[in-house]
Amino acid sequence: MLGDCLLKTMRKAGPLKREPSAPPKRGVQTKTVVPDPLKSLGDRVRQARARRGMTRKQLARDSGVSERYLAQIEGGKGNISVLVLRQLAKALNVSVDVLVFEGPEPPVELVHTVEFLRRLSLDDLVLARQALLHQFGGVDPAARHRRIALIGLRGAGKSTLGAELAERLEMPFLELDRLIEQESGLSLNLLFDFRGQSGFRQLERQCLENVIKNYPCFVIATGGSLVSEPGTFERLLSSCFTVWVRTSPEEHMQRVIAQGDMRPMSNNRDAMSDLKRILAEREVLYNKADIQLDTAGRTFEESLDTLIRALRDTPVRETLTPEIVSR
């Protein structure tokens, strides 16, 4: 099934026709209204207090925050500290994220759903996520099986394996980092310098969405840190068949250096310790992949053959339960 999937020509819609608008009046300037986070926080504290039938004096007593300072906070004038924020949340018996939630107040249905999910065990949470994806996520298991995404640390072999895998399966091969560079017109280093982590993550999500929308099938190699962005990683997991390409920390380092990249060792005597720490921190995320491919101690051909067999032997599943490739 995978080998028969060919890239379809995507038609681009033409520009939308717009009705001519009235010329703007002289002297009138349109300003973008930026929500005041302190005012939003004050509104949340006041609403939470009112719903609990608490007076300002009662909340001041229970939180240890002076009534005068509390009045400033509720009026959007108090530059609240993290410690005070935690004190207020505890006194109101709400989580801190409820008070600092960006945008309009979350609907009560969302709040109740989150509280319900908090009560579930880890195993039940897995089942709940699968049920939500099946019911509301619009996940097509067959289409998902034709989109293969390789995740893992740099040096695992994602790009090398991905390019050859795509050729064998007659699919296009894509590298998400290269797409991000093309979209921005900047190298990744310059992109981080000019737009920061936030700008990079936004482009990463945008480029992934474009790939999912425009390609019915593909093999894509993702950046090693994509898994640290919850929204983007969830989108990848639910829309693509994911493979964690892994190896030992020593082989990770050797392969990166063999590619001519000496940055990991440059002025850093703790490079190996840092790499092991990053791998340990991300392991719980990489484990969410559909299958794992361990390339440690294997030749390129052995790893490729093992991966192809695993893809062909893994049936299209309604659930998203990870497996480990041990063949």
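What follows is a walk through a predicted model of one protein chain, from its overall make-up to a few of its helices and loops.

To start with the whole chain, the model holds 15 helices and six strands. Of the 327 residues, 37% are buried. The surface left open comes to about 20,400 Å², and carbon and sulfur atoms supply 53% of that area. Contacts often bridge long stretches of sequence: among those between residues at least 6 apart, 72% join residues at least 24 apart.

Next comes the interior. In soluble globular proteins, nonpolar side chains tend to be buried together. Here the largest nonpolar core has 29 residues, and the members that touch the most others are Ile151, Ile180, Ile220, Phe233, Leu236 and Tyr286. At least two residues apiece come from strand 1 (147–151), helix 10 (176–184), helix 11 (188–214), strand 3 (218–221), helix 12 (230–239) and helix 14 (271–286). The top contributor is helix 11, which gives eight residues. A second core of 20 residues lies apart from this one, and Ala156, Leu161, Met171 and Ile291 are among its members.

Two leucines give a closer look at the packing. Once neighbours within four places in sequence are set aside, Leu236 is in contact with Ala149, Ile151, Leu208, Thr222, Leu226 and Thr242. Its partner Leu208 sits in helix 11 and counts as buried because its relative accessibility is 0%. With residues up to four places away left out, Leu208 touches Leu176, Thr232, Arg235 and Leu236. Thr222 comes 14 residues from Leu208 along the chain, and the C-alpha atoms of the two are 9.3 Å apart.

Moving towards the start of the chain, helix 1 (37–51) is a good place to check helix geometry. Its 15 residues should span 21 Å at 1.5 Å a residue, and the end C-alpha atoms are indeed 21 Å apart, so the two values agree. At the start of helix 1, a side-chain oxygen of Asp36 comes within 3.0 Å of the backbone nitrogen of Leu38. After the helix comes Gly53, with a positive phi near 65°. The buried residues of helix 1 are a mixed bag: Leu41, Gly42, Asp43, Arg44, Val45, Ala48 and Arg49. Helix 2, helix 3, helix 4 and helix 5 are among the elements that cover them.

Several of those helix 1 residues turn up again around Glu74, a residue of helix 3. Glu74 counts as buried because its relative accessibility is 4%. Beyond its neighbours within four places in sequence, Glu74 is in contact with Gly42, Asp43, Val45, Arg46, Arg49, Arg56 and Leu59.

Helix 4 (residues 82–92) has two sides to compare. Val84, Leu85, Leu88, Ala89, Ala91 and Leu92 are buried. These residues share one side of helix 4, because they cover an arc of only 165° around the axis. On the other side, Val82, Leu83, Arg86 and Lys90 are exposed. The cover over the buried residues of helix 4 includes helix 1, helix 2 (56–63), helix 3 (67–74) and helix 5 (96–100). Just past the end of helix 4 sits Asn93, in the loop that leads to helix 5. Asn93 is not a glycine, yet its phi is positive, near 60°. With a relative accessible area of 68%, Asn93 is exposed.

Further along, helix 9 (residues 158–169) has 12 residues and reaches 16 Å from its first C-alpha to its last, close to the 16 Å expected at 1.5 Å a residue. Its buried residues are Lys158, Leu161, Gly162, Leu165, Ala166 and Leu169. Seen down the axis of helix 9, they fall within an arc of 130°, so they line one face of the helix. The buried residues of helix 9 pack against strand 1, strand 2 (173–175), strand 3, strand 4 (241–246), strand 5 (291–294) and helix 15 (300–313). One of them, Leu161, is also listed in the 20-residue core. After helix 9 comes Glu170, in the loop between helix 9 and strand 2. Its phi is positive, near 60°, in a residue other than glycine.

Notes: Residues are numbered from 1 along each chain as its sequence is written. This is a predicted model: local features need pLDDT of at least 70, side-chain atom pairs count only at pLDDT 80 or more; totals for chains, interfaces and linings use all residues. Side-chain values use heavy atoms; hydrogens and water are left out. A nonpolar core is a set of buried Ala, Val, Leu, Ile, Met, Phe, Trp, Tyr and Cys residues joined through side-chain atoms within 4.5 Å. Buried means under 20% relative accessible area, exposed over 50%, partly exposed in between (1.4 Å probe, protein chains only). Helices (H or I, at least four residues) and strands (E, at least two) are DSSP runs, numbered from the N terminus. Contact means heavy atoms within 4.5 Å. The arc is that of the directions from the helix axis to the C-beta atoms. The expected span of a helix is 1.5 Å times one less than its number of residues. A polar contact is a pair of N or O atoms within 3.5 Å; within protein, one must be able to donate a hydrogen and the other to accept it, and residues adjacent in sequence count only if both atoms are side-chain atoms. Accessible areas come from the Shrake-Rupley method with a 1.4 Å probe; for residues, only the protein chains shown count as cover.
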